[in-house]
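Me: Please take a close look at one loop residue and its surroundings. Then move on to the aromatic rings.

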Amino acid sequence: MNKDKYVAYVSTYTSQNKSSYGIRIYDVDMENGRFTEKDQVEITNSSYVTVSHNEKFLYSITDFGVESYEILPDGGLKVLNHASINGMRGCYLSTDYEDKFLFVAGYHDAKLTALRVNEDGSIGEITDEIFHKGLGSIAERNFRPHINCVKMTRDNKFLCAADLGMDHVVIYGLNHTTGKLRQVDIIRSEQESAPRHLKFSKNGEYMYIVHELKNYIDVYHYFIEEKHGSPEFEKIQTISTLNDYHAGGSAASALNISEDFKYLCSSNAGDNSVTLYSIDPESGLLTKILCLPISGDYPKDAILFPDNRHLVSLNHESDTMTFFNVDMEKKIIVMNGSEMKVDQPNCIIFHKISGKK
């Protein structure tokens, strides 16, 4: 039985709410698959949060740029500092695998910002700023660049920036001294597919990209070409996030890999469903286990609990979190207790606070 203790960090929008608490911290009841609210953190429009790879710090988007927190032993958060990104509010952020740089994706202004991370976890100066260019305002959303996700390859060599307006993922080489980025490749998706989020397998050999508008996940084999040291991405699978009989007007949203890297979880707005896949550790290929309703409106994020026996869905438009028991063998999820109210939830992270090595 898993005796490790966890907290969950949930980031929310505050602009249309009476609350000024943009991050909520919950104690996780692993046995029963439920949360108990532990604390609230005052921050504006925390649209996304990430935990550093050394698990000591949490970083959040805010209206003013980015904010850094020390993670306390009980999972509480202590503010370190905030820094400007010299642009419009970001929508996603992540650190490199050495926690030396923080990368911020700009949906509204198509700007990628790199910032230095100091030894104490606080955020330092901007090291690079890149604007994605597009074809102009042919349409409000497509054909205009919107960077929605920025993530390093697991070997810490390349930064992948998903641009759902331009339907491609731009690959940048990172100078680990200066924090400068240099474009080295582009992975082109189908037109008007909108690549939204991406994740890597445990061994780093496989990349998963969820496409918002066409509701599928592309799987790529990633390797480095020996002669020139350039990154290569070979598409090996495309798999739907929906059932054959799905609701019209669906948009794929979440993309999360389970703590043991055995399962991948996605969600569909419009269809208001969650989809679970098993990951083949050898080939990286996905096999769909289930696609079932989540009893809420617009599941912005959905994730398996660390024990893979429970699941939580963050339902952005119905201002709820819904909880489920998961049975992988029977391929079902069953609602587990009543929904929890939370205003415009956007993103969730589980963080282990005991049993650390």
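**A loop residue and the ring pairs**

Reply: Ala194 lies in a loop of this predicted model. Strand E15 (181-188) comes before that loop, and strand E16 (195-200) follows it. Ala194 has 0% relative accessibility, so it counts as buried; the cut-off for buried is under 20%.

What does Ala194 touch, leaving out residues up to four places away in sequence? Its contacts are Leu164, Asp167, Val210, His211, Glu212 and Leu213. Ile209 offers a distance for this region: its C-alpha atom is 9.9 Å from that of Ala194. Along the chain, Ala194 and Ile209 are 15 residues apart.

Now the rings. The structure has eight aromatic pairs. One of them joins Phe35 and Phe350. Their ring centres are 5.9 Å apart. Their planes meet at 70°, so the pair is edge-to-face; that class needs an angle over 60 degrees. This pair links distant parts of the chain. Phe35 belongs to strand E3 (residues 34-42). Phe350 belongs to strand E29 (residues 345-352). The two are 315 residues apart.

Are these two rings' residues, Phe35 and Phe350, buried or exposed? Phe35 is buried, at 6% relative accessibility. Phe350 has a relative accessible area of 13%, so it is buried as well.

Phe35 and Phe350 also belong to a cluster linked by ring pairs. Its other members are Tyr26, Phe305 and Phe323.

One more ring has a charge over it. The charged end of Lys300 sits over the ring of Tyr298. The distance to the ring centre is 5.8 Å.

Terms used: Residues numbered from 1 in each chain as written. Predicted model: local features only at pLDDT ≥ 70, side-chain atom pairs only at ≥ 80, totals over all residues. Heavy atoms only, no water. Helix = DSSP H or I, 4+ residues; strand = E, 2+ residues; numbered from the N terminus. Buried < 20%, exposed > 50% of the residue type's maximum accessible area, 1.4 Å probe, protein only. Contact = heavy atoms within 4.5 Å. Phe/Tyr/Trp six-rings, centres within 6.5 Å; stacked < 30°, edge-to-face > 60°. Lys NZ or Arg CZ within 6 Å of the ring centre and 35° of its normal.
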